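Me: Could you take a close look at one part of this structure with me, the sheet and what lies around it? I am new to this, so please explain the terms as you go.

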Amino acid sequence: DLFLSSLPTVPVIVDDNIRNGRFICVECVGDSMDDGSRKSIYDKDIVLCRLLTNDLWIMAERVNKMFAIVSKKGIAIKQITSYNSMKRSILCHSLNPLYQDYEVLLDDIKELWIIDKIIDRSVNL
């Protein structure tokens, strides 16, 4: 993708258990993944994401992690709570209860990245 190749690269040290694969860092925007809990992802957090191959997309709901979902509508950070095999879609969930769950068709997804860790967090005092 021309857009991704134009972005700056940053070296990141990763744990041994996640060193294989293709990685990207994403700056989060908004409060949809902030429920005030320890697992929240805040506005302006930078997360390290690992590309999930297409054959694993349907199993994403079984992983208790968050994902960067690159679709025709843009990039969203969400939990995937279910897979509908009849519709070939996933249900995307925000931690913040002010946001409703929504469905994304697999055909509309360009890439699915599993979030391995938060690598930068600006603290607001």
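Reply: Happy to! Let's start with one pair of residues: Ala-68 has Trp-113, in β7, as its bridge partner. The two strands involved, β3 (residues 66-71) and β7 (residues 109-120), pair in the antiparallel sense over five bridges. Strands here are DSSP runs of E with at least two residues, helices are runs of H or I with at least four, and both are numbered from the N terminus; two strands pair if DSSP finds at least two bridges between them.

Before going on, note that this is a predicted model, where local features need pLDDT of at least 70, side-chain atom pairs count only at pLDDT 80 or more, and totals for chains, interfaces and linings use all residues. Residues are numbered from 1 along each chain as its sequence is written, and side-chain values use heavy atoms, leaving out hydrogens and water.

Now the wider picture: seven strands make an open, antiparallel sheet in the order β1-β2-β7-β3-β4-β5-β6. β1 (23-27) and β6 (102-105) are at the edges with a single partner strand each, so one side of each has no neighbour in the sheet.

Next, the loop between β2 (46-52) and β3 holds Met-59. Met-59 counts as partly exposed because its relative accessibility is 33% (buried is under 20%, exposed over 50%, partly exposed in between, with a 1.4 Å probe and protein chains only).

How far can you trust this? pLDDT is the predictor's confidence in each residue, from 0 to 100. The chain's mean is 86, and 82% of its residues reach 70 or more. Among the elements, β6 has the highest mean (96) and helix α1 (residues 2-6) the lowest (64). Where pLDDT is low, predicted coordinates should not be read in detail.
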